[in-house]
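Hi everyone, thanks for coming. I'd like to walk you through a structure that is new to most of us, so please have a look at it while I talk.

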Amino acid sequence: MLNFTTYAKNFILNLTFSENRNSMTTPTNFYVGIARKIYDTTETIDEVTSQSYKRTLVKFYQANNCEIDNNESIVFPKAIEDWGDNLEGIAIFDSQTGGNIWAIAKFNIKDSIRALDVWDIPANFLLIGFKK
């Protein structure tokens with residue numbers, strides 16, 4: 001399961017309870033990025049930077065039972081070059097470049113993406129939620 005960042009938790013709380021909630025703008029889209037390294041204490045990542053790499057759009061639908069997931073597979077572009085060894089995880093951003101990190105997850109086993117690989121995330125695999 002992906003874990004919300006402090007940024008996302010504060011945004012959700014402000015959007016729900018803050019007196020300024022009516023002036024807040026929610027993100028239009030979310031994108032998945034691949035992390036070479038995840039820095040837990042700062043909730044930041046060292047993202048893949050290869051030429052053929054780009055963050056990929058993810059669509060979340062209706063939450064149920066305090067959780068939400070991707071209903072469609074997420075397919076990254078074909079790697080033209082190696083994207084790296086020992087990749088640590090993924091992050092959800094509110095922009096295709098730059099932007100804010102909303103959620104982070106570490107892989108159970110570090111992964112590698114080689115030239116000509118097509119890396120994908122199956123439908124219903126990206127799970128974000130609140131503890132019940």
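**A walk along strand 8**

Let's start with a pairing: strand 7 and strand 8 run antiparallel to each other, joined over seven bridges. Before I go further, please keep in mind that this is a predicted model. To find the pair, look for residues 84-93 for strand 7 and 101-113 for strand 8. One bridge to pick out is the one that I90 makes, with A105 in strand 8 as its partner.

Strand 8 has another neighbour as well. Strand 1, which is residues 3-4, pairs with strand 8 in the antiparallel sense over two bridges. There, N3 stands opposite I104 of strand 8. How far apart are I104 and N3 in sequence and in space? They are 101 residues apart along the chain, yet their C-alpha atoms are 5.4 Å apart.

Let's stay with I104 for a moment. Is I104 buried or exposed? I104 has a relative accessible area of 10%, and the cut-off for buried is under 20%, so I104 counts as buried. Leaving aside residues up to four places away in sequence, I104 touches L2, N3 and T5, then I38, then E43, T44 and I45, and finally I90 and A91.

Now for the inside. The largest nonpolar core has 24 residues, and the members that touch the most others are V32, I34, F76 and L126. Which elements each supply at least two residues of this core? They are helix 1, at 6-17, strand 2, at 30-39, strand 7 and strand 8. Strand 8 gives the most, with four residues. If you want one residue to click on, try V32: its contacts include Y53, R55, I74, F76, I90 and L126, again not counting residues up to four places away in sequence. There is also a second, separate core of seven residues, and I104 is in it, along with I38, A91 and F93, among others.

On to the pocket. The largest pocket encloses about 590 Å³ of space. Which of its 22 lining residues are closest to the centre? Those are M1, L2, N3, I104 and A105. Two or more lining residues come from each of strand 1, strand 2, strand 8 and strand 10, the last being residues 127-129. Strand 8 contributes the most to this lining, with five residues.

Next, charges. Side chains of opposite charge can pair when their charged atoms come close. How many salt bridges does the structure hold? The count is seven. Let me show you some of them.

The side chains of K106 and D40 meet at 3.1 Å, N to O. K106 sits in strand 8 and D40 in the loop between strand 2 and strand 3, which is 44-47, and the two are 66 residues apart. K106 is partly exposed at 46% relative accessible area, whereas D40, at 52%, counts as exposed.

Then there is E47 with R55, whose closest N and O atoms are 2.9 Å apart. Here both partners are inside: E47 counts as buried at 15% relative accessibility, and R55 counts as buried at 8%.

The third one I'd point out is R114 with D85, at 2.4 Å, N to O. R114 lies in the loop between strand 8 and strand 9, residues 120-121, while D85 is in strand 7, so this pair ties together parts that are 29 residues apart in sequence. R114 is partly exposed, with 35% relative accessible area, and D85 is partly exposed too, with 42%. And one more thing on charges: K37, E88 and K110 are joined into one network by salt bridges that share partners.

Last, two backbone details in loops. N65 has a phi near 60 degrees, a positive value in a residue that is not glycine. You'll find N65 in the loop between strand 4, at 56-58, and strand 5, at 67-69, where N65 is partly exposed at 49%. L116 also has a positive phi, near 80 degrees, and is likewise not a glycine. L116 belongs to the loop between strand 8 and strand 9 and counts as exposed at 61% relative accessibility.

To wrap up, strand 8 is the one to remember: it pairs with strand 7 over seven bridges, and gives the most residues to the lining of the largest pocket. Thanks for listening!

Note on methods
Residues are numbered from 1 along each chain as its sequence is written. This is a predicted model: local features need pLDDT of at least 70, side-chain atom pairs count only at pLDDT 80 or more; totals for chains, interfaces and linings use all residues. Side-chain values use heavy atoms; hydrogens and water are left out. A nonpolar core is a set of buried Ala, Val, Leu, Ile, Met, Phe, Trp, Tyr and Cys residues joined through side-chain atoms within 4.5 Å. Buried means under 20% relative accessible area, exposed over 50%, partly exposed in between (1.4 Å probe, protein chains only). Contact means heavy atoms within 4.5 Å. A salt bridge is a side-chain nitrogen of Lys or Arg within 4 Å of a carboxyl oxygen of Asp or Glu. Two strands pair if DSSP finds at least two bridges between them. On a 1 Å grid over the protein atoms alone, a cavity is a set of points where a 1.4 Å probe fits but cannot get out, and a pocket is an open set with protein on both sides within 12 Å along at least five of seven lines; lining residues have an atom within 4 Å of a point. Grid points are joined across faces, edges and corners, and a volume is the space filled by probe spheres set on the points.
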